[in-house]
Amino acid sequence: MLKENPENITYLIYAGSNYKFLDFDAALDYLKKAYSKIFETGYFKEKENQGDILNLANEFFALSQFEFSEKLYSIFLSDKDKIHNFETYLKYLISSTLVGKNTEANKFLEKIPDLKDLSIEEALLIAKLFEANGLDAEAINFVYEIRRKFFNNPIIHAEYINLNLWINSKNSKNLRKIKIDSTRVNINTVVFLESGMKFIIEDRYDVSKERKEINSICDEYQSLIGRSVNEKVKIHNIETKIVSIKTKYINAFEESLEIAKREVPQYLRYFIFNVE
């Protein structure tokens, strides 16, 4: 199709989309040609071409070409309700942040929507928006909550690993906000008992017994809080002892890595040599 219509913007976008998994430079070349033609011809002004504008923006976003995606998303959203195009709006905020325009993103992050109202795609974009704005501790906390909500979706486990590895590779000073003493059983730690039981110590009212979470109103919490490794405890009338304590983030990472490697290894964007 492209050979017969080398100037066709739709075909150029389609070619760029197909080539991105085979040849990054070729894909980018096709997309940049489409981008140039959109502005040379006034293509972006026509309402019936808005689908192509959005598709091209998404392709640039996928290739981390944010100066192009920011411009195209701003055009696409200019006459639309951002709430009804929320995923696109989040991609616009990430793009604008990464080209140095973060005023609107900062305002958005002051009061984000409730996680229960978000799709998995929207939630992950908000986590990435936190990271793009240098709020790495907030990103780690938020993606942990996403993982908790969508635990049965194996893809979220791969995304949890991807974001954690990326953030930790930056040696972010912002991560110092996450201070958890795992020498003893504390809030946000996971305790493993010799009996085989495991408990996640949370400071929240909506704990999940299925996920082995407990809070201060649970009997197990009172028996465990403040204890350290090798101390004997009595849980459910069973005498046992603490064999290890980890932060809930490290436990989640190890758990998610095993799930992702087993079920969706293709979604892991980093090659893991050994995380034992």
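In strand β2, phenylalanine 199 sits across from valine 191 of β1. Strands here are DSSP E runs of at least two residues, and helices are H or I runs of at least four, numbered from the N terminus. The model is a predicted one, where local features need pLDDT of at least 70 and side-chain atom pairs count only at pLDDT 80 or more, while totals for chains, interfaces and linings use all residues. Residues are numbered from 1 along each chain as its sequence is written, and side-chain values use heavy atoms, with hydrogens and water left out.

β1 (residues 189-193) has partners in both β2 and β5, pairing being called when DSSP finds at least two bridges between two strands. With β2 (residues 198-201) it runs antiparallel through 3 bridges. The hairpin of these two strands has 4 residues between them, and glycine 196 takes a positive phi near 100 degrees there. With β5 (residues 238-247), β1 is again antiparallel, over 5 bridges, and threonine 189 faces threonine 247.

All 5 of the 5 β1 residues are buried, so the strand is largely enclosed by the rest of the structure; buried means under 20% relative accessible area (1.4 Å probe, protein chains only). Thr189, Val191 and Leu193 cover one side, Val190 and Phe192 the other.

As for nonpolar cores (buried Ala, Val, Leu, Ile, Met, Phe, Trp, Tyr and Cys joined through side-chain atoms within 4.5 Å), the largest has 68 residues, with Phe108 among those with the most contacts inside it. Helix α7 (residues 120-132) gives the most to this core, 8 residues. Apart from it lies another core of 14 residues, including Met197 and Ile201.

Notes
Buried < 20%, exposed > 50% of the residue type's maximum accessible area, 1.4 Å probe, protein only.
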